[in-house]
Amino acid sequence: MGTSSLITLAILVILALGLMRIYNNLVSKRNQWQNAFAQIEVQLKRRYDLIPNLVEVAKGYMQHERETLEKVVQARNAAVTSLQQIANKLGPDELKAFAQQEQQLGRALGQFNMVMEQYPDLKANTTMMQLSEELTSTENKVARARQFYNDMVMDYNAYRQSFPPVVLAASFGHGQDAALLEFADSEAIQQAPKVSF
C-alpha cells in the first residue's frame, strides 16, 4: 500500500468517525428531550390522579357548586386526553393543543380555589389540606419538568442547527427542530395554579 492510499484511508476513517459522532449526538440529544417529556408525563399523571380525589372531598361541602366541580373534572379529562394524544408525536401543533388544555385546567382549578374560599369547614378538612399540599408539590414538579424539557429541546435544536450537523441532520432522520412547550399566557408556566385551603 502506498502513502497516498494510506492517507486516503485515514481521511475516510476520520470522515466516517465524524459522521458517526454527529449521528450519535443527534440520537442522544433527541432521546434526552423525549425522556424529559416523559418526566412531565409522570408528574402530570400524578396531578391528574389527585384532582378527582380533591373534587370528591369537596363534593360533600360544595353541593351548590356543582358547575364549578364539573368544570374541573371536564378540564382534567380533556387534559388527560390531550396528554395521551401527544404521547406518539411531540410536534408543535400537538404541544400547542396540549398547552391550551393545561391552561384550561389551570383556570378551572383557579375558579375552584375561589369558590373554596366560601367554605371554611372544607378548607380546614385534614384530607383536603393533604391533597392541596400534594397538588402544590406536584405543580412545582411539573413546572421544573417543563423547564428541563425546554432546556433539552433547546440543546437538541442548537446542536441540530449547528455546522456540520445541519448539513447531515435531515439525512439522518432529524429534519425538524423539536418543539418547545410554550404557553400563550407566559405566567401559566412560571406559576403553578394557586390551590390553598
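Helices (H or I, at least four residues) and strands (E, at least two) are DSSP runs, numbered from the N terminus. This is a predicted model, in which local features need pLDDT of at least 70 and side-chain atom pairs count only at pLDDT 80 or more, while totals for chains, interfaces and linings use all residues. Residues are numbered from 1 along each chain as its sequence is written, and side-chain values use heavy atoms, with hydrogens and water left out.

**Overall form**

The protein has 7 helices and 0 strands; from the N terminus the order is α-α-α-α-α-α-α. Along the principal axes, the C-alpha atoms fill a box of roughly 90 × 30 × 25 Å. The radius of gyration is 24 Å, against a value near 16 Å for a compact globule of 197 residues. That radius is taken over C-alpha atoms, and the globule rule is 2.2 Å times the number of residues to the power 0.38. Of the 197 residues, 38% are buried. Buried means under 20% relative accessible area, exposed over 50%, and partly exposed in between (1.4 Å probe, protein chains only). Contact means heavy atoms within 4.5 Å. Of the contacts between residues at least 6 apart in sequence, 82% join residues at least 24 apart.

**Helix packing**

Two packed helices are described by the angle between their axes and the distance between the axes. Here axes are lines fitted to C-alpha atoms, for helices over the stretch in contact, and angles run from 0 to 180 degrees between N-to-C directions.

The axes of α1 (residues 3–59) and α5 (residues 126–161) come within 8 Å and cross at roughly 165°. That makes α1 roughly antiparallel to α5, the term for angles over 145 degrees (under 35 is roughly parallel, 65 to 115 roughly perpendicular, the rest oblique). The crossing of α1 and α5 is left-handed, meaning that the near helix is turned anticlockwise from the far one by less than a right angle; clockwise would be right-handed. Residues of this contact divide into 23 nonpolar, 8 polar and 11 charged. Ala, Val, Leu, Ile, Met, Phe, Trp, Tyr, Cys and Pro count as nonpolar, Asp, Glu, Lys and Arg as charged, and the others, Gly among them, as polar.

Helices α2 (residues 66–86) and α3 (residues 92–116) pack at about 160°, with their axes 9 Å apart. That makes α2 roughly antiparallel to α3. Their crossing is left-handed, and the contact has 15 nonpolar, 5 polar and 4 charged residues.

**Individual residues**

The contacts tabulated below leave out residues up to four places away in sequence.

| Residue | Relative accessibility | Contacts |
|---|---|---|
| S82 | 5%, buried | A97, F98, Q101 |
| Y61 | 34%, partly exposed | Y119, D121, L122, N125 |
| H174 | 1%, buried | L26, V27, R30, Y156, R160, A169 |

S82 belongs to helix α2. From S82 to Q34 the C-alpha separation is 17 Å, and the two are 48 residues apart in sequence. Y61 sits in the loop between α1 and α2. Y61 and K123 are 62 residues apart in sequence, with their C-alpha atoms 9.9 Å apart in space. H174 is placed in the loop between α6 and α7 (186–190).

Most peptide bonds are trans. The bond from F163 to P164 is cis, with omega near 10°. P164 lies in the loop between α5 and α6 (165–168).
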